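Here are a few friendly notes to read alongside the structure. Please keep the view open while going through the points.

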Amino acid sequence: NAPSPAAGTPPAAPKPATPPPAARDAPLALATEAQMMRALADALGISVEELLQLKEAKWMGKKELAQHAYAIARLIAQSQALWYLDLDGTGVDDAGVQLVAPALEQNTTLKELYLENNQLSDGAGVAFATALEQN
């Protein structure tokens, strides 16, 4: 038996049924990815279509890109054109590397990736080495 509500307190309304996590999160995940790609494209002043067709991304020193690590990772994973990516001095950190490194396993076109002048630990190097062994 559930305890009765305190005098003067209305009973709580029943909770609505919650869909299973896969059904609940899948559309949100897709929308979020699209929104993140749009935000990256907006930060670069180009369209998402142009972003996905890039062959060379010379983004050296663009500190605002550090907040777009997820979208950069998705770009690396999805692109069939990108062969050069310069993230030198963009503020990418270890958390960003944990997103970007696995994307390298899916990409077969990227030949040059520059990450100098970012605050990366030895763990970031290990994450990249592991990903590149899989590629």
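1. In this predicted model, a good place to start is Glu56, whose bridge partner in β2 is Tyr84. The two strands involved, β1 and β2 (residues 84-86), run in the parallel sense and pair over three bridges.

2. How are the strands of the sheet ordered? The order is β1-β2-β3, in an open sheet of three strands with parallel pairing. The edges are taken by β1 (56-58) and β3 (112-114). Each of these two has a single partner strand, so one side of each is left without a neighbour in the sheet. Between neighbouring strands of this sheet, the average turn is 5°, direction ignored.

3. Next, please look at helix α3, which spans residues 69-78. Is this helix mostly covered or mostly uncovered? Mostly covered: of its ten residues, seven are buried. The buried ones are Ala69, Ala71, Ile72, Ala73, Leu75, Ile76 and Ala77.

4. Tyr70 also belongs to helix α3, and it is worth a separate look. Its relative accessibility is 32%, so Tyr70 counts as partly exposed; the buried class is reserved for values under 20%, and the exposed class for values over 50%.

5. Which residues join Tyr70 at the surface? Met36 and Leu99 do: together with Tyr70 they make a nonpolar surface patch of about 230 Å². Helix α3 therefore holds buried residues, including Ile72 and Leu75, as well as the partly exposed Tyr70.

How values were computed
Residues numbered from 1 in each chain as written. Predicted model: local features only at pLDDT ≥ 70, side-chain atom pairs only at ≥ 80, totals over all residues. Heavy atoms only, no water. Pairing = 2+ DSSP bridges. Helix = DSSP H or I, 4+ residues; strand = E, 2+ residues; numbered from the N terminus. Axes fitted to C-alpha atoms, helices over the stretch in contact; angles between N-to-C directions. Buried < 20%, exposed > 50% of the residue type's maximum accessible area, 1.4 Å probe, protein only. Patch = residues over 30% accessible without salt bridge, like charges linked within 9 Å, V, L, I, M, F, W, Y side chains within 5 Å. Areas by Shrake-Rupley, 256 points an atom, 1.4 Å probe, with all protein chains shown as cover. Salt bridge = Lys/Arg side-chain N within 4 Å of Asp/Glu carboxyl O.
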